[in-house]
Amino acid sequence: MASPPTVAASRPSPAGQPGCLARPGSFMLAPVRKSLTARATAPKTGRFGGNVGGAAAADGEVSAWKSIRQERWEGALELEGTLPHWLDGTYLRNGPGLWDLGGHGFRHLFDGYATLVRVAFRDGRAAGAHRQVESDAYRAARAHGRVRHHEFSEVPEPGGLISLLARRLAGLALCAPISDNANTGVLALGDGRVLCTSEAVSSWILVDPDTLGTVGKFRYGDRLGGLVHSAHPVVVPGSGAPSSEPELWTLVPDLLRRGYLVVRMEAGSDERVVVGRVRCRGRYGVGWAHSFPVTEHYVVVPEMPLRYSARSIFRAEPTPLYRFDWRPEGGSYMHVVCRASGNTVASVEVPPFVTFHYINAYEERDADGRTTAVVVDCCEHEDTSILDRLRLDSLRSLAGHDVLPDARVGRFRIPLDGSPTGELEAALDPEEHGRAMDMCSINPAYRGKPYRYVYACGARRPCNFPNTLTKVDLVERKTTAWHEEGMVPSEPLFVARPGATREDDGVVISLVSGKGGSGYAVVLDGTTFQEVARAKFPYGLPFGLHGCWIPRT
Ligand SMILES: CC(=O)/C=C/C=C(C)/C=C/C1=C(C)CCCC1(C)C
Ligand SMILES: CC(/C=C/C=O)=C\C=C\C=O
Ligand SMILES: [Fe+2]
């Protein structure tokens, strides 16, 4: 641990008390029926193999892949360096932080129960907190001592004889319900509501950004249904006069009719409105739509050759790629849908690609101001092996081994002149960022517009996981990296300085699981990419996925 704990947990939850993870012996989880991957990884330390919230991880190992042990913690953070006084608001980050309960360990990074982490910045000081998100899946596992919902890589037996008989009588597949473990992102809708998100339509959970408490399930008031949707809905300033209230856009894949609904939801509403429909052009299933980009006038619908396996989702029958099938022979496409009319204005074939995250997209215009193409940037992985590299046994045991598959900034150019194909090439030499590229953010004021800077996780090899924070200059095709030996960074998030006019005038915040079991929020200068401050948690932080910034109003 880099520094001794200096603050006591303000609300400690001793074992056996409400608000605590478990009573000793109460978390023996039942065996899992089908494993989509190799054998379960046994917890490494302690009964839960976890980080002890409110105390240092004692064994000096990186905390990134260890479960957070205590359900919640809150307290002041020890500061090193000087925080800018203009940094006034709350940084929230979500991610799977609890992979071990009782005697059972999840196998894959994406399986873990959601842990929300918060760092509140005010007057040059920082306060931290974490709390488990109270999804039905998490509550059920806690109450029953077994995994009851199917997660990304695990398919538990349906619980109990009565439930099994009832399901058989109802003619349902003998599988547990789909999980509502909202462990992927956290999103401020801009109307006061803050949501934890994941892939299942029924998984969104409203949280209180101050207490991190679970407010309740978010349920749509419409009749659109859908089973899965993008884990990364996009909130943009509204286009509708007279209001420019922020609105949410997302994609709802239709697994039966093989297409996508492009939907919009207004601020304050819980009803999605269908703006456009796209039919899949490729063969086999619907392309996985974990995220998607928007430009000023268009929504881009990617049809990736990594396709949802309807069998795996409806009948809980695993594929070698968890919930997906790799079908490059079925074609790969990019569709462009007009945000105003819902019409598909371009649909082009592109080379096969694998991506979780789109960085940004913008419209390219000719000298007369006519839009000629849409440019889309993404974190592109060389193949689907990245999914297996995110297995916990690989993450835990292969640190320092150079097994991370290559990744690059993939740049698509989608012509709007009716051409049948689009291009895909690297936006810069991938060696610039150690051939790793994911967990990206940009200055949000440049979303959908021409832009220059990307903040992401890159690599200093050898490594089994991205281990640098990297600023990419897409114009100069150069990078600047921030790195400490042994660190596991999470998504860097850019926060603009109020009144800034330059794109990189602001700071970049990332929660880091450091060497020696430490956990801290590092704050980097957005321009120089030098550290300006770090706010240290008194315990190690598990790795997390995506975050958001909520300015103090
Ligand atoms: C975190 C990340 O990148 C991806 C996570 C994907 C998840 C959690 C997917 C989950 C599921 C499906 C793809 C199909 C239906 C079941 C469910 C577990 C929600
Ligand atoms: C953490 C990750 C990829 C890392 C490899 O470079 C992907 C996360 C995807 C889900 O949000
Ligand atoms: Fe994601």
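**Loops, an iron site and a ligand**

Modeller: R258 has its place in the loop between β18 (247–254) and β19 (259–266). The model is a predicted one.

Biologist: Is R258 buried, partly exposed or exposed?

Modeller: A residue is buried under 20% relative accessible area and exposed over 50%, with partly exposed in between. The relative accessible area of R258 is 25%, so R258 is partly exposed.

Biologist: What is phi of R258 near?

Modeller: Most residues other than glycine have a negative phi. R258 is not glycine, yet its phi is positive, near 55°.

Biologist: Which residues are the protein donors of the iron ion (ligand 3)?

Modeller: The donors follow the spacing H-x57-H-x66-H-x188-H along the chain. Each gives its NE2 atom, and they lie 2.1 to 2.2 Å from the iron ion (ligand 3). They are H232, H290, H357 and H546.

Biologist: How many residues apart in sequence are the parts that the pair H357 and H546 ties together?

Modeller: H357 and H546 are both donors of the iron ion (ligand 3). H357 lies in strand β26 (residues 354–365), while H546 lies in the loop between β38 (531–537) and β39 (547–551), so the pair ties together parts whose separation in sequence is 189 residues.

Biologist: What percentage of the accessible area of ligand 1 does the protein cover?

Modeller: Of the 15 residues around ligand 1, those that come nearest are F110, H150, E199, H290 and L545. Ligand 1 sits in the largest cavity. On its own, ligand 1 has 490 Å² of accessible area, and the protein covers 97%.

Key
Residues numbered from 1 in each chain as written. Chains lettered and ligands numbered in written order. Predicted model: local features only at pLDDT ≥ 70, side-chain atom pairs only at ≥ 80, totals over all residues. Heavy atoms only, no water. Near = heavy atom within 4 Å. Areas by Shrake-Rupley, 256 points an atom, 1.4 Å probe, with all protein chains shown as cover. 1 Å grid on protein atoms, 1.4 Å probe; cavity = no way out; pocket = protein on both sides within 12 Å on 5 of 7 lines; lining within 4 Å. Sits in = over half its atoms within 2 Å of the grid points. Donors = N, O, S within 2.8 Å, 3.2 Å for Na, K, Ca; no water. Helix = DSSP H or I, 4+ residues; strand = E, 2+ residues; numbered from the N terminus. Buried < 20%, exposed > 50% of the residue type's maximum accessible area, 1.4 Å probe, protein only.
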